[in-house]
Amino acid sequence: MSIADIARKLLPGSAVASIARSRRNSRRAKIQKLPALTETGFTDILVNERSLDTGDTVYVGSSIGQLNLDFAFYRILALIQDVIGPKGNVLFPTYPNRSPMSSYEYLLKENIFDVRRTPSYTGLLSEFARRQRGALRSLHPTKSVCAIGPDAEDLTRDHQNSTYPHDSCSPFYRLTDYGAKVIGIGVWSDYISFLHCTEDALKEKFPVPVYHQRLFKAKCINYMGETELVETRAHNMDMVKPDAVSFVKEHILPEICSNLTINGMKFVRADARPLFDEMLRLTRSGITPYPRNLYAKEFVKTLNP
């Protein structure tokens, strides 16, 4: 159990929130001392460092607070669209639970997820994208994704059809079908939800039991204003403790996925299909981003007969 976990268990919520605010303010103060990133510089990173091109489908994880921009943050969406063009698609995670509340805690409160109105708390940029005309959002109570582009409907339409939020019904997995690129802006791979696709592809065969046993039936309001019950599982945050940064550095080729620091700011780039395939291969060999002490005993026995 980490120091942060112990603090959350022992301290009042207000104290935990105060500590989190202090840490955020300290990080922001450091970021503001870095060289400011211009629109031209940002576009150069997209094209030359992140290898985006016309027609790409791009999944974006972001933390605006970890960037020192000399332009308005909402311009990031337009700059990405300028690079990928009208035939490209851009996707953002649009989760409804505000940190540090977990998906499990959010579901326990029996919140009703409205695909049209429930805000995204996965960063300012994701909420800005969600509000764009033509943006479509997947009908999932905790792991919703919004997509903008000609294939937005295809990318988001089936998310509610599986109890596993990152399996083949999800926009996350559909990235592999589209040969998508996954990028992080102000974040590294530890903030990229796409990495959970391997877990949900293997389901109970994944070495770490990452989900609570309870299966939730959550009320969701679709684009027609109708209420649907969506069955879903929720991550057990006592188990979901991957070290994705070290995993990528030690086991994934840079041309498949790489974390990068530019002017003191974090970026990540990955090719969805090769990354998924390589993580699946590694998992079957017993290598995952998770520490070995979290592996189920049954799986450990198969590694050490």
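Y164 and Y211 are both buried, where buried stands for under 20% relative accessible area with a 1.4 Å probe and protein chains only. The model is predicted, so local features need pLDDT of at least 70 and side-chain atom pairs count only at pLDDT 80 or more, whereas totals for chains, interfaces and linings use all residues. Residues are numbered from 1 along each chain as its sequence is written, and side-chain values rest on heavy atoms, with hydrogens and water left out.

Among the 10 aromatic pairs of the structure (ring centres of Phe, Tyr or the six-membered ring of Trp within 6.5 Å; planes under 30 degrees apart are stacked, over 60 edge-to-face and the rest tilted), Y164 and Y211 meet edge-to-face, at 5.7 Å centre to centre and 85 degrees between the planes. The rings of Y295 and F299 are also edge-to-face, because their centres lie 5.9 Å apart and their planes stand at 75 degrees. Y295 and F299 are both buried as well. One aromatic cluster is made up of F73, Y74 and F128.

Turning to the interior, the largest nonpolar core (buried Ala, Val, Leu, Ile, Met, Phe, Trp, Tyr and Cys residues joined through side-chain atoms within 4.5 Å) has 43 residues, and F194, I252 and L275 have the most contacts inside it. A second, separate core of 29 residues includes L37, L46, I80 and F92. With contact taken as heavy atoms within 4.5 Å, and residues up to four places away in sequence not counted, I252 touches F247, C257, L275, E278, M279 and L282.

Methods
Buried means under 20% relative accessible area, exposed over 50%, partly exposed in between (1.4 Å probe, protein chains only).
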